[in-house]
Structures are given as C-alpha cells and as structure tokens.
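Trainee: I should like to work through this model with you, one topic at a time. Please keep the answers plain.

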Amino acid sequence: IRVVQRWYRYSKDKELVARHTHLAVESQRLVRGFLCRQSLRRQHHAATLFQSLYRGAVARAQVGYTLSSLVRVQSAVRGFLCRVHVHRLYTATVRIQSFARGEQVRKEVKQLVRSAIAIQRCYRAYQDRMIDRLYFIAAVHVQRVMKGWCVRSALRRQAGAAAKIQALYRGVRAREHVCLMFNASLIIQTAFRAKRERKNYLNTVRAIRVVQRWYRYSKDKELVARHTHLAVESQRLVRGFLCRQSLR
C-alpha cells in the first residue's frame, strides 16, 4: 500500500509541477508583451513630443517652462496608471494560481480517500472468506466425528452387553473430545476476531491520520496565500502613499 501511495503521489506531483510551469510561462508571456507594448508606446510618444517641441520651440519660447512642467505631470500620471495596471495583472495571476492549486489538492485528497476505501473493502472481503473457510472446516470435522460415533454405536449394539459397555465408555470419551475441540475452536475464533478488530482499528487510525495530514497541508497553503495577498496589498498602499507625497 505504501509503495502504491508513493508512486501515486509522485505522479500527481509531476502533473502539478507541469501545470504550474505552464501557468508561470503564460503569465510571463503576457506581462512581457504588455511591458514591450508600453515601452514602444512611450518611445513613440517621446519621439512625437520631441518633434513637436523642436518644431514649436520658436513660437512657444515664452511658455516653455509651463509646457515642460505639464509634460512631467503627464508622464508621472501615466507611469502611475501603468504601475496600477501591472499590479492588477499580478493580483489576478496570483488568485488564478491559488484557485488551481486548491482544486488540485482537493482532487488528490478525494483520490486518496477512494483508494483507502477500496483497500479496506478488499481486506474485509478476504477476512470474511477466511472466516467462512474456518467455519466449513470445523463443521466438516464435527460431522466426521459424529458420523464415526454413530457407526461405532451401531456396531456396539450388535455386539452385546460387553460391546455396549465399551460403546458407552467410548461415547463418553468421544463427547469429551468433541467438547475439547469445540472449546479449542471457540478459543481460536475469539483470538482471530480480536486480531481482526485490532487490524481494523489500526487501518482506521492510519486512514484518519492521512486525511488529517492532507487537510492541515491545505490549510497551511491557504494561510500562506492570504499572508502573501496581505503583503502585496500593504506594499501597494505604501507605494501609493509615497507617490502622492512625491507629487505634492
């Protein structure tokens, strides 16, 4: 069972790593494309602005300082809007990853529970078959003893008084032997049932521990995701405050 569980976990971990790698590559591709487009837009805007300033330098010489300050304000506002957009994209990516990881963990827990139930079902069926076989062997043995006793009793009745005395004596011995066998079978059955109950209890405890371990692991992952989100929100607030202070 441990070997099967280890192999199953290894396969699930490989699938999870592949999915996470694909998600990371897709996120990087989107962010890099967005940044490249923003860079081209800024370059085009800077070139256009330089040409307009160069061509209108003679006509707007008196308002140059006012125009340069307006351009600086516009660049600061556009940079702020760009950072806000990038932060929103990063937050959305983190949320999508958390949802995907949670769904994967829930599927793994369900699969483990199904595997444990199937193993328990097979083991209980094997125990039931062994018990039925023991009952059948005990019944056959008792029937063999009783049939032999009946045959010996019939022969003793035909033999006479001496044979009757011997038959009575042997019958007592046979009954004592049957009682001993019955007591021995009861002792064996009680020991076997106690051992089976202990095994069932140990299997139940192990299954509960496995489920608890996976539940705690999922809770820890959710807590780490929440802490990460709080840290990102705090950084966003502090950066916005500092940006407003620098604009003032």
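Trainee: Is His87 buried or exposed?
Mentor: His87 is buried, because its relative accessible area is 19%; buried means under 20% relative accessible area, exposed means over 50%, and partly exposed lies in between, with a 1.4 Å probe and protein chains only. Please keep in mind that this is a predicted model, in which local features need pLDDT of at least 70 and side-chain atom pairs count only at pLDDT 80 or more, while totals for chains, interfaces and linings use all residues. Residues are numbered from 1 along each chain as its sequence is written, and side-chain values use heavy atoms, with hydrogens and water left out.

Trainee: Which element holds His87?
Mentor: His87 belongs to helix H2. Helices here are DSSP runs of H or I with at least four residues, strands are runs of E with at least two, and both are numbered from the N terminus.

Trainee: How far apart are His87 and Thr21?
Mentor: In sequence they are separated by 66 residues, and in space by 21 Å, C-alpha to C-alpha.

Trainee: And His44, buried or exposed?
Mentor: His44, in helix H1, counts as exposed because its relative accessible area is 58%. Between His44 and His141 there are 100 Å in space, C-alpha to C-alpha, for 97 residues in sequence.

Trainee: Changing topic: how many salt bridges does the structure have?
Mentor: A search of the whole structure gives three, a salt bridge being a side-chain nitrogen of Lys or Arg within 4 Å of a carboxyl oxygen of Asp or Glu.

Trainee: Why would such side chains pair at all?
Mentor: Side chains of opposite charge can pair when their charged atoms come close.

Trainee: Which residue pairs with Arg29?
Mentor: Arg29 pairs with Glu26, at 2.7 Å from N to O. Both residues lie in helix H1, which covers residues 2-55, and they are three residues apart, about one turn of the helix. Glu26 is partly exposed, at 29% relative accessible area.

Trainee: What about Glu103?
Mentor: Glu103 forms a salt bridge with Arg106, and their closest N and O atoms are 3.0 Å apart. They are separated by about one helical turn, because they stand three residues apart in helix H2. Glu103 is partly exposed at 37%, and Arg106 is partly exposed at 45%.

Trainee: Which residue does Arg236 meet?
Mentor: Arg236 meets Glu233, with 2.8 Å between the closest N and O atoms. This pair sits in helix H3, three residues apart, about one turn of the helix. Arg236 is partly exposed, with 38% relative accessible area.

Trainee: Now the empty space. What volume does the largest pocket have?
Mentor: The largest pocket holds about 770 Å³ of space. On a 1 Å grid over the protein atoms alone, a pocket is an open set of points with protein on both sides within 12 Å along at least five of seven lines, a cavity is a set of points where a 1.4 Å probe fits but cannot get out, and lining residues have an atom within 4 Å of a point. Points are joined across faces, edges and corners, and a volume is the space filled by probe spheres set on them.

Trainee: Which residues are closest to the centre of that pocket?
Mentor: Of its 23 lining residues, the closest to the centre are Ser98, Gly102, Lys221, Glu222 and Ala225. Helix H2 (64-159) and helix H3 (161-247) are the elements that give two or more residues to this lining, and H3 gives the most, with twelve.

Trainee: How does that lining divide by class?
Mentor: The largest pocket is lined by nine nonpolar, seven polar and seven charged residues. Ala, Val, Leu, Ile, Met, Phe, Trp, Tyr, Cys and Pro count as nonpolar, Asp, Glu, Lys and Arg as charged, and the others, Gly among them, as polar.

Trainee: How many cavities of 30 Å³ or more are there?
Mentor: There are two. The largest cavity holds about 60 Å³ and is lined by Ile131, Leu134, Tyr135, Gln189, Phe192 and Arg193. The second largest holds about 40 Å³, and its lining consists of Tyr90, Thr91, Val94, Thr228, His229 and Val232.

Trainee: How does the lining of the second largest cavity divide by class?
Mentor: It has three nonpolar, three polar and no charged residues. H2 and H3 each supply at least two residues of that lining.
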